[in-house]
Amino acid sequence: MSDHIPFEIQSEIMKGLPVKSLLQFRSVSKQWKSFIDNPEFIKTYHINHPNPKHHLLLQYNHVPTYTSIIDDNTFPQQKSPLTAPKPLNLLRFALILGSVNVLGNVLVLLSLIGFGVCYDTSDPKLVKINVVKTPSISWEVQVFTLSSRVWKTVYKGAPFKSCDLMRDHVFIDGIIYWRSLGSFILSFDLKSDKFGEVSIPESFVHTYGMWLAKVNESLGLLEFYEEGGMPVCGVWMRKDGVNKPFTKIYTVKVEGKSVLNTSVLGFRNNGEVVLQLDNDDFEESQIEVYEPSSGRINSVGISGENDMFSVWSYMETLLLLEQSNSIIH
């Protein structure tokens, strides 16, 4: 934009630009950066752009490679390589932190981490659950809020005495969910910092063959079993709201291929399933997309080392920019 154009006109043009361009234009001048970083502009922009672009982020290979794909009707044509900060590749989730003998009792410290954004404040939060088994169970739950950069203990005790949690979690509409090896799913509301329970179908109780997933912006369950001698995946979802039971919506089965818990990586915004399918030599895997309505699979055009793929969905937004600016200032 020319310096001869009044800033009032420049600012009006910027209001219609995509998020990626706005983030790049913050480095053009102090005036532009101040305008784009302004909390009022961020909130107004969010209201005026209610349908942000969705992306799939793929990580694959032992030396991680990152690719972002715009998740719209052009999928998978718009691919972009991403470079992650070096320290990111050193991070790992901790599951079992230690096991020692204390006065004749075995003490096991189990730590689980959940991440999400509180919708009311647009504040990213980390939730850490430390479970100490001595053999009785004691919980300590801490929440880290990005804006304050402080860990706060929100719970001590044993809310679910027989609750064994799995590491993987799902974040939907301000709530984090963990799978329990019992008769329910554990939920944690980032607004109230309170726990809750979600009932699961009776056939899933005490089974390892079930995983949590985000399906069509709702909480879903993945059921892995054999059908006709081949491993398949049943997809369940709470179709009618948070207080409704799960119903099975379709089965993922690919002719001549095993659909295992390592095969289903995630879901597109339109509900199609992102799969990792092994080549015949089992040394490389291909990323394919499964269409539930037709049962067809379509290649994404990305291959990599076997069983080394992960997929996350995200969308473009300026909301977190406000939080990062509050920390800097």
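A polar contact is taken here as a pair of N or O atoms within 3.5 Å, of which, within protein, one must be able to donate a hydrogen and the other to accept it. In the predicted model, this criterion is met by the side chains of D37 and K33, which are joined by a polar contact of 2.8 Å. The side chain of D37 also takes part in a polar contact of 2.7 Å with that of R26. D37 itself belongs to helix α3, which spans residues 30–37, and its relative accessible area of 11% falls under the 20% cut-off, so that D37 is classed as buried.

Helix α3 also contributes to the surroundings of helix α1, since the elements that cover the buried residues of α1 include α2 (19–25), α3 and α4 (39–48). Within α1, which comprises residues 7–14, the buried residues are Q10, S11 and M14. These residues cover an arc of only 100 degrees around the helix axis and therefore lie on the same side of α1. In general, an α-helix has 3.6 residues a turn, so residues three or four places apart point the same way.

Over the protein chain as a whole, the secondary structure consists of five helices and 21 strands. The chain has 329 residues, of which 40% count as buried, and it exposes about 18600 Å², with carbon and sulfur atoms supplying 54% of that area. Of the contacts between residues at least 6 apart in sequence, 40% join residues at least 24 apart.

Terms used. Residues are numbered from 1 along each chain as its sequence is written. This is a predicted model: local features need pLDDT of at least 70, side-chain atom pairs count only at pLDDT 80 or more; totals for chains, interfaces and linings use all residues. Side-chain values use heavy atoms; hydrogens and water are left out. Helices (H or I, at least four residues) and strands (E, at least two) are DSSP runs, numbered from the N terminus. Buried means under 20% relative accessible area, exposed over 50%, partly exposed in between (1.4 Å probe, protein chains only). Contact means heavy atoms within 4.5 Å. Accessible areas come from the Shrake-Rupley method with a 1.4 Å probe; for residues, only the protein chains shown count as cover. The arc is that of the directions from the helix axis to the C-beta atoms.
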